[in-house]
Amino acid sequence: MKSSLIRGTLPTRTVALVASAALLALTACSAGSSTSPGSSPGGDQSLSVGLVAEPASLDFTTTDGAAIPQALLGNVYESLVKQDESGKIVPSLAKSWTVSPDRKTYTFDLVDNAKFSNDKPFTAADAVFSINRVKSAWTVSLKSAMDVVQEAKALSPTQLQVTLTKPSNGWLFRMTTRIGAMFSETGVSALATTPVGTGPFTFAKWNRGDSIVFERNENYWGTKPFFNQITLKYFKDPTALNNALLTGTINVIGTVQAPEALSQFTGNDKYQVIEGTTNGEVLLSFNNALPIFSDIRTRQGIRQAIDHRALLDTCFAGRGKLIGSMVPPTDPWSEDLTNVAPYDLAKAKSLLQASGAAGKTLRLRLPTLPYAISCGQVVKSQLEQAGLKVVIDQQEFPAQWLTTVFKNADYDLSIIAHVEPRDLGAVFNAKYYTRYDDPTLQQYLAAADAGDEAAQIDNMKKAARRISEQAAGDWLFLLPNLIVADKNLKGLPQNAITENFDLTRLARS
Amino acid sequence: MIIRLIERTAVLLVSLVVSSVLVFAFMAVLPGDPARVALGVNASDEAVAELRRQFGLGRPLPTQYFDWLGGLLRGDFGTSYVSKAEIGPQVFDRFQVTLWLVLAGMVIALVVAAPAGTVMAARHRKVSGLALSAISQLGVAVPAFLAGILLIMLFAVKLGWLPANGWTPPAQDPGMFVRQLILPALSLGLVQGAVLTRYVRSAVLDVLREDYLRTARAKGLRPFPALWRHGIRNAAVPVVTVLGLQLATLLIGAVVVERVFVIPGLGSLLLDGVSNRDLLLVQDVVMVLVVAVLVVNFLVDLLYVALDPRLRVGSR
Amino acid sequence: MSVVADVNVRTSDVLTVRGLTVTVRDKTLVSDVDLSVGPGERVGLIGESGSGKSLTALSVLGLLPEDVTASGSVRLTGVDHELIGADERRMSRVRGRRLAMVFQEPMTALNPTMRIGDQIAEAMLIHGTRPGRGAARAAAVELLERVQLPPDTLRAYPHQLSGGQRQRVVLALALANDPALLICDEPTTALDVTVQALVLDLIVKGVVARAAALLFITHDLAVVATVCERVLVMYGGRVVESGPVGEVFTRPRHRYTEGLLAASDLETTQRRLTTIPGNVPPAGQFPSGCVFRTRCRHATEVCATTPPWTGSETTGFACHHPAEAVDD
Amino acid sequence: MRRLNPSLVAGGLIVGLIVVMALVSFVWTPYDATLVDPVNRLAQPSWDHWFGTDKFGRDVLSQIMVGSRTTLFVGVVAVGVAAVIGVPLGILAAMARRWPAEIIMRTNDLLLAFPALLLAIMFGAVFGASTMTAMIAIGIASVPSFARVIRSGALQVMRTEYVLAARAAGRQPFPIAIRHVLPNVTSLITVQASVSFAIAVLAEAALSFLGYGTPPPTPSWGRMLQESQEFLFSAPRLAIFPGVAIAIAVLGFNLLGDGLRDRFDPKLEDRR
């Protein structure tokens with residue numbers, strides 16, 4: 001899988017997305033059992049959720065960016081399987097599934113009462129259509145996750161069989177993401193403006209530049225959501241977002257952008273503050289193809305020159321978690337690797353001296369994202385104390401940064417949050433902007449994808465330790481899942497580990 | 001008068017054509033392939049090529065220019081590379097929003113500036129005039145977004161009288177529309193009003209020195225009626241110029257206030273367009289802004305003629 | 001000067017000014033001026049620029065610039081209150097009704113954005129001397145006719161008229177309410193010589209027709225000779241000599257008047273033109289005592305004291321060394 | 001005789017103070033303005049840090065001092081660009097024949113259609129956001145007002161007798177422009193420069209707020225204000241110091257402009 005690991009296409013989006021993903025986790029158990037569409041306890045209550053990055057389009061099959069699945073996935077579109085709060089893959093539109101002994105054939109039993117918002121019933125034929133369409137019509141690079149599929153066919157209206165070319169743990173996991181979204185054959189004509197899905201909400205209205213409105217799907221096949229109407233309201237300015245909650249314009253800040261301002265809410269019993277983890281690793285990336293980084297002592301020196309605790313305190317108000325590799329604590333193979341390269345200024349200086357990097361000038365090309373700009377200034381200061389010279393160069397995000405740093409790898413150092421789930425392999429790759437070419441790592445990753453669950457966990461642990469010990473980059477911290485909401489609101493996720501912001505479990509007590 | 005009208009119209013048309021070339025040329029030199037940016041970095045080369053073909057990005061620039069211009073003239077703003085949505089309706093909606101905001105701001109500015117400037121001029125040696133002068137100097141020195149932030153802190157967060165931000169179209173909920181409009185319009189209006197006050201003051205001071213005002217007083221008009229009947233129209237000429245310029249500047253200048261108050265206006269659309277490299281959208285928005293300014297200037301010119309009969313004869 | 005003033009107060013005078021003093025901040029621009037204008041009388045006020053003649057006129061009208069203050073007494077016939085210090089409400093009833101003024105600069109005296117007819121009609125409507133707009137407009141046509149302007153001038157804007165035409169409009173406007181006193185401040189100075197005579201003629205005809213008094217301010221002795229019956233000579237903010245035009249111009253007593261006459265070619269063309277030595281000091285910087293002494297060839301030590309007024313209010317002078325009173 | 005002009009004195013003092021502050025900051029600031037010191041972050045004002053520290057532990061006073069350089073730099077370059085283009089344009093338009101003059105002034109009017117903010121955003125998109133692009137954009141946007149003011153001044157000079165005499169004597173236009181016109185419009189240039197300076201300072205603040213202004217780590221009052229937003233409730237002083245600094249600077253340049261205008265044009269003495 002070579003999926004893009006960068007979340008977001010707008011300045012604030014990178015951070016924004018993180019939070020959204022978190023919400024999905026809680027949804028797990030809601031799927032499935034209830035078949036009768038009873039009345040919803042929420043009646044005609046409505047809710048307004050403040051988010052930071054408005055989608056540029058509603059079509060995630062051709063438009064990159066985290067904001068679209070954040071809003072639509074799980075809420076308007078559903079997939080066959082989804083992740084529960086603990087990261088386990090659980091049923092959604094597929095009631096159950098079996099895997100063949102060679103781990104190449106998956107047979108899904110589908111629910112029989114799901115309907116698209118265009119009134120067409122959901123059948124195995126739609127599933128086949130959706131899976132094949134990823135290969136044929138999608139243009140975003142994420143579609144490569146479906147390359148491993150050899151064939152998808154409908155055994156019956158409620159039974160789907162998917163055959164892979166080789167065993168892949170990654171495939172089923174990716175089916176929980178946007179890649180796995182189920183479309184109606186007759187509902188893909190205007191994806192950019194009119195999404196059609198089977199989800200508990202239907203798309204009602206998009207006031208561009210302002211908000212997206214969802215309404216409860218009264219024909220939903222599963223448990224109907226509490227709220228009759230939910231508005232996703234988009235804010236570019238973090239302070240405006242906070243003010244909107246303070247003055248009652250919105251009920252939830254889906255993702256806090258200004259952690260320093262959190263004190264306004266923590267002391268106030270009108271609000272609840274949720275703090276958990278996300279998949280968003282804030283990476284200080286090295287351009288490993290450059291000669292200066294070919295010496296591991298340079299990379300190691302940089303890692304040890306950074307006082308991660310002080311950095312986190314300074315640029316993210318101490319919220320967030322320190323990590324030592326590209327693995328969030330919610331992944332099954334998570335290990336504490338923060339001690340692989342502890343802060344040690346003297347050691348860092350001598351390493352940089354030894355490698356000859358001391359005194360050299362490095363370009364730190366930062367995307368114009370608030371956390372990157374903030375952390376960049378701390379990184380510059382800390383690296384300069386260790387004997388490097390650092391020049392900060394702002395690159396407008398997304399357009400300029402994506403071209404200069406991401407595509408052309410014209411940079412020495414950069415900072416960005418990689419918010420895709422399970423993105424270690426994709427980020428540390430010779431073709432990626434990190435230009436990290438390491439056959440040993442690739443071996444571990446291949447073994448993890450092909451092996452059984454124990455082998456997967458074991459090999460992923462090795463991979464995580466490998467990049468940490470090799471200092472393929474420096475993990476500054478893990479973005480926190482920070483949500484502030486009205487006190488009486490329930491169903492908010494502790495950790496944000498999926499691509500979407502789950503609105504379906506929200507309720508008022 | 002007719003000659004003047006024809007001349008002005010000709011100038012307007014030439015300006016429109018020249019600026020459309022400028023805007024198009026400027027956008028053409030923007031670095032980055034719009035198709036690739038629209039599709040994201042991970043897009044395949046085929047997909048990029050397809051999009052380029054779809055939007056005709058490979059054609060010679062003059063062809064692209066004339067197609068674009070022709071579209072604009074027909075009211076067809078084209079389709080966004082990024083959102084695949086029609087640009088026209090978006091620009092129209094956003095323009096309306098900004099227009100509401102700017103007009104409300106200008107009304108406040110005028111309501112503040114006209115009396116304040118007049119009093120400052122009439123009492124320019126007295127304490128009240130000097131005090132007003134000092135206040136207006138301070139008003140001019142405060143950035144509009146800072147004024148907005150302070151207004152929010154006070155009236156929305158601390159006192160809770162008005163919403164901190166947001167926008168509701170007037171047709172949807174007129175009450176909410178007004179409540180949400182007050183603070184942003186105030187932050188634009190007070191700052192612009194302070195600027196305008198100084199022009200009103202100077203215009204009124206000029207008029208107060210005019211002989212015809214003395215003639216009016218000699219006729220038996222008391223000072224204020226004399227100023228009202230004989231001064232306002234004359235003082236209005238320079239003030240209208242400034243007003244026109246302010247209106248033009250504010251269409252884009254409001255973007256800062258739009259940001260603070262989360263208002264989906266034209267300026268915000270432009271900023272989004274720029275960061276998404278939604279090239280055609282940016283091009284359209286810039287063009288709309290430029291056309292608006294040119295048309296406002298044109299109208300100001302006509303207004304001069306209405307205000308000052310001396311301009312009605314001959315060309316100048 | 002006030003010593004003499006009380007001797008000869010003509011109670012029937014249209015305008016009576018007593019002890020008028022005009023100051024700006026600490027500077028005195030006009031001091032202790034007495035003057036009267038009888039019914040139907042045409043009085044000239046002459047002097048160089050800076051002599052205070054315009055300020056005197058503006059004090060009477062109560063239209064001094066801000067910062068400039070007047071003290072003393074100004075009474076107008078038919079007005080039961082003192083004009084100096086009267087509030088705007090009362091003054092506005094006098095101005096344009098009992099008392100009208102024609103200013104020096106016709107080019108700027110009219111509102112460029114208002115039609116001529118409206119500006120003239122307004123003068124009558126303000127004071128309610130005509131019953132309504134229609135009557136006021138009709139009256140305006142008649143007034144324009146009197147100043148020899150065609151009726152379609154009503155619809156014109158000021159910029160469409162020449163300077164002479166505009167000054168006639170101002171005159172029509174001033175005479176609209178048949179004022180008791182018309183003050184003209186250098187009304188022809190800005191005009192071409194060819195139209196000066198016409199305008200002067202119209203002014204005289206206008207006041208004569210209404211039996212109005214005229215206070216005519218000018219620096220042009222020839223004009224005074226044509227228009228006025230009596231003349232006051234001002235210098236340095238003071239009236240230095242007054243008397244019937246014929247007398248003052250032929251037998252000046254004050255040395256300044258003498259110099260002024262000598263410098264103009266009014267009297268005789270045989271004599272070589274002489275000039276008054278030195279320059280007029282800036283406003284407010286005239287010497288104490290006799291204001292003319294710094295430029296006067298006849299000045300002595302005694303001139304450092306203010307010269308007393310000699311003669312009656314209507315005919316007299318203030319000089320320590322007057323020119324000989326030549327008897328014919 | 002001439003009264004002391006309070007606007008000129010106050011404006012001069014404020015501007016002088018800012019210039020001195022900027023000069024001093026080259027040789028001395030209480031702390032390194034860009035030094036990150038996490039231990040002392042968000043310190044209250046104290047003897048050690050008179051204005052306290054920001055979220056990076058940087059000394060706010062030092063940043064304000066160094067930031068004044070950015071402010072002056074922005075103003076000088078923006079006004080410089082505007083004057084270098086606008087003054088010759090204005091003089092040219094005053095001296096040219098009717099049609100060329102008309103074309104110059106119409107082009108000039110066309111430029112009015114591109115306000116500073118629009119130009120800066122467009123330039124920022126092409127060349128990347130930086131102090132320099134912002135300043136040039138602000139400068140170009142200030143050209144029309146310069147050209148207009150200078151043109152009307154130059155027109156007056158062209159009508160004076162000495163210029164008429166020079167022209168009658170057959171002097172070439174260029175020497176006339178240099179010898180007669182330019183010296184006589186310097187007062188207008190000075191006045192317009194200080195007014196444009198104030199506008200440039202405000203524009204830089206607005207651009208920084210939108211993220212199109214001075215990039216970090218160079219201290220800039222506009223960006224300090226923008227960064228202080230999330231501390232509006234917890235540490236409002238972080239907004240107050242740069243906010244007040246901007247307001248005072250703008251006030252200073254405006255007062256200076258007014259004062260200069262009064263001084264150069266006694267007819268307008270009453271204006272403030």
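These legends accompany close-up views of a predicted model.

**View 1. Where chain A meets chain B.**
Here we look at the contact between two chains, in which 35 residues of chain A touch 33 residues of chain B. On the chain A side, helix 5 (238–246) and helix 11 (399–407) each supply at least two residues. Helix 11 of chain A gives the most to this side, with 5 residues. If you like to think in residue classes, the side of chain A that touches chain B has 13 nonpolar, 14 polar and 8 charged residues.

**View 2. The open sheet of chain A.**
This view follows 10 strands of chain A, which form an open sheet with mixed pairing. Reading across the sheet, the strand order is 8-9-10-1-11-16-12-15-13-14. At the edges are strand 8 (201–207) and strand 14 (389–395) of chain A, each of which pairs on one side only. Zooming in on one pairing, strand 1 (residues 46–51) and strand 11 (residues 252–253) of chain A run in the parallel sense and are joined over 2 bridges. Look for Gly50(A), which stands opposite Ile253(A) in strand 11 of chain A.

**View 3. A helix lying across the strands of chain A.**
Helix 10 (residues 370–385) of chain A takes the stage here, lying across strand 12 (271–286), strand 13 (361–367), strand 14, strand 15 (413–418) and strand 16 (473–486) of chain A. Relative to strand 13 of chain A, helix 10 of chain A runs at about 165°.

**View 4. Two crossing helices in chain B.**
Now for a helix pair: the axes of helix 7 (residues 144–158) and helix 8 (residues 174–208) of chain B come within 9 Å and cross at roughly 135°. Helix 7 and helix 8 of chain B are therefore oblique to each other. Their crossing is right-handed. Residues of helix 7 of chain B that meet helix 8 of chain B include Ala147(B), Gly148(B), Leu151(B) and Phe155(B). From helix 8 of chain B, the partners include Leu183(B), Pro184(B), Ser187(B) and Val191(B). By class, this helix contact has 12 nonpolar, 2 polar and no charged residues.

**View 5. Where chain D meets chain B.**
The final close-up shows 30 residues of chain D in contact with 39 residues of chain B. Helix 3 (98–112), helix 4 (116–127), helix 7 (173–210) and helix 9 (237–264) of chain D each supply at least two residues to the side of chain D that touches chain B. Helix 9 of chain D provides the largest share of that side, 7 residues. The residues on this side of chain D divide into 23 nonpolar, 2 polar and 5 charged.

Conventions:
Residues are numbered from 1 along each chain as its sequence is written. Chains are lettered from A and ligands numbered from 1 in the order in which they are written. This is a predicted model: local features need pLDDT of at least 70, side-chain atom pairs count only at pLDDT 80 or more; totals for chains, interfaces and linings use all residues. Two residues are in contact if their C-beta atoms, placed from the backbone, lie within 7 Å. Helices (H or I, at least four residues) and strands (E, at least two) are DSSP runs, numbered from the N terminus. Ala, Val, Leu, Ile, Met, Phe, Trp, Tyr, Cys and Pro count as nonpolar, Asp, Glu, Lys and Arg as charged, and the others, Gly among them, as polar. Two strands pair if DSSP finds at least two bridges between them. Axes are lines fitted to C-alpha atoms, for helices over the stretch in contact, and angles run from 0 to 180 degrees between N-to-C directions. Angles under 35 degrees count as roughly parallel, over 145 as roughly antiparallel, 65 to 115 as roughly perpendicular and the rest as oblique. A crossing is left-handed if the near helix is turned anticlockwise from the far one by less than a right angle, and right-handed if clockwise.
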